[in-house]
Amino acid sequence: QITTVSGNEFLLQSDIDFLILDWFHAIKNAIDRLPKEQRITSRNLEFKLRRSSSIELLNNLDTESKEPKPEHRKSLIFRLNYSASDTNDRNRVKSRLKKFISRRPSLKTLQEKGLIKDQIFGSHLHSVCEREKSTVPQFVRLCIKAVEKRGLDVDGIYRVSGNLATIQKLRFVVNQEEKLNLDDSQWEDIHVVTGALKMFFRELPEPLFPYCSFEQFVEAIKIQDNATRIKSIRKLVKKLPRPNYDTMKILFEHLQKIAAKESVNLMSTQSLGIVFGPTLLRPEKETGNMAVHMLYQNQIVELMLSEYSKIFGSEED
């Protein structure tokens, strides 16, 4: 999201990381080419766009603007400046704040009283599963069920982005309410459901493929012999924590059904690898090998979809 100094807002959205990176560099280069004078004068406009109740804004407007101010505004600025400089007042405010904070109930107490609900988005996968007494988050199951019910034949399913405002609304509902009906008319656009599911995985503090196993998966996908490569990936998958393994299995089984309808929805295993690679696995710390990592991320997801039965099946299979 970009906000200009004139107050205009632009939303650029994509699930492809290298495309986002290209946008970033293009915008940065455009800003760098702006004349220095223009950058300086835009600062005045920036102050005017900020909230007028801010002490900092009042002080800046007081020093920079030559326009006469109404008497009540002058007295307000004087009182704010006077209070800020008065040591006794400052100490009194600090004391009251400390008392207020010390009397506040703990997060655990608020959660026990139901005043603060545990979040689904942005929580660790194992935490969500522990709360729900399951190994696969209920939200993931509901999204998959909805997509398989009315989205398998949709052109560009998972590649096409849904309306971001509606996706955020769905995110809010999931975080605030216990029951969710994805058949409700407000979620009729299936791209909103797929967008919310991708957002859930993107917002996991640790991705579905844990950080500690990222390099191991990358090394495995580099193996030239296909049978050995599949065996190595399978071994790594089997070692994952139960919530990660079960959620991964149900997700990849679902994506296999999407790929099976490639002639209708135009989503091949390669396309799904491009969409889900950076979403499901990433290094804990980004290095200069971002483009190389992205290639391996896509290939890992693509291979696991193509060889699903060998990777997730039983030993006998």
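The protein exposes about 19,800 Å², and carbon and sulfur atoms supply 53% of that area. The model is a predicted one. Its fold comprises 17 helices and two strands. Of the 317 residues in the protein, 35% are buried. Among contacts with a separation of 6 or more, 67% join residues 24 or more positions apart.

The interior was examined next. The largest nonpolar core has 66 residues. Those with the most contacts inside this core are Y158, F209, V237, F252 and M304. V237 touches F217, Y245, M248, M304, I311 and F312, leaving out residues up to four places away in sequence. One of these partners, M304, is itself among the core residues with the most contacts. Another partner of V237 is F217, a buried residue of helix α11.

Helix α11 spans residues 211-221. Its buried residues are Y211, S213, F214, F217, V218, A220 and I221. They lie on the same side of α11, because they cover an arc of only 160° around the axis. An α-helix has 3.6 residues a turn, so residues three or four places apart point the same way. The buried residues of α11 pack against two helices, α12 (226-238) and α16 (290-306).

I221 illustrates this packing at the level of a single residue. I221 lies in α11. Its relative accessibility is 8%, so I221 counts as buried, the cut-off being under 20%. Residues up to four places away in sequence aside, I221 touches R229, I233, Y296, Q299, I300 and L303. The contact with L303 links distant parts of the chain: the two residues are 82 residues apart along the chain, yet their C-alpha atoms are separated by 8.5 Å.

A polar residue is also found in the interior. N244 lies in helix α13, which covers residues 242-260. N244 has a relative accessible area of 9% and is therefore buried. Its contacts, neighbours within four places in sequence left aside, are with L125, P207, L208 and P210. One of these partners, L125, belongs to α7 (125-132).

The surface carries a nonpolar patch of about 310 Å². L12, I27, I31 and L34 make this patch. L34 is located in the loop between α1 (17-32) and α2 (36-49). With a relative accessible area of 34%, L34 is partly exposed.

Two loop residues were noted for their backbone geometry. Phi of K133 is near 55°, a positive value in a residue other than glycine. K133 sits in the loop between α7 (125-132) and α8 (138-150). At 78% relative accessibility, K133 counts as exposed, because the cut-off for exposure is over 50%. L266 likewise is not a glycine, and its phi is positive at about 60°. The loop that holds L266 runs between α14 (262-265) and α15 (269-280). L266 has a relative accessibility of 48%, so it counts as partly exposed.

Methods: Residues numbered from 1 in each chain as written. Predicted model: local features only at pLDDT ≥ 70, side-chain atom pairs only at ≥ 80, totals over all residues. Heavy atoms only, no water. Helix = DSSP H or I, 4+ residues; strand = E, 2+ residues; numbered from the N terminus. Buried < 20%, exposed > 50% of the residue type's maximum accessible area, 1.4 Å probe, protein only. Contact = heavy atoms within 4.5 Å. Arc of directions from axis to C-beta. Core = buried A, V, L, I, M, F, W, Y, C linked by side-chain atoms within 4.5 Å. Patch = residues over 30% accessible without salt bridge, like charges linked within 9 Å, V, L, I, M, F, W, Y side chains within 5 Å. Areas by Shrake-Rupley, 256 points an atom, 1.4 Å probe, with all protein chains shown as cover. Salt bridge = Lys/Arg side-chain N within 4 Å of Asp/Glu carboxyl O.
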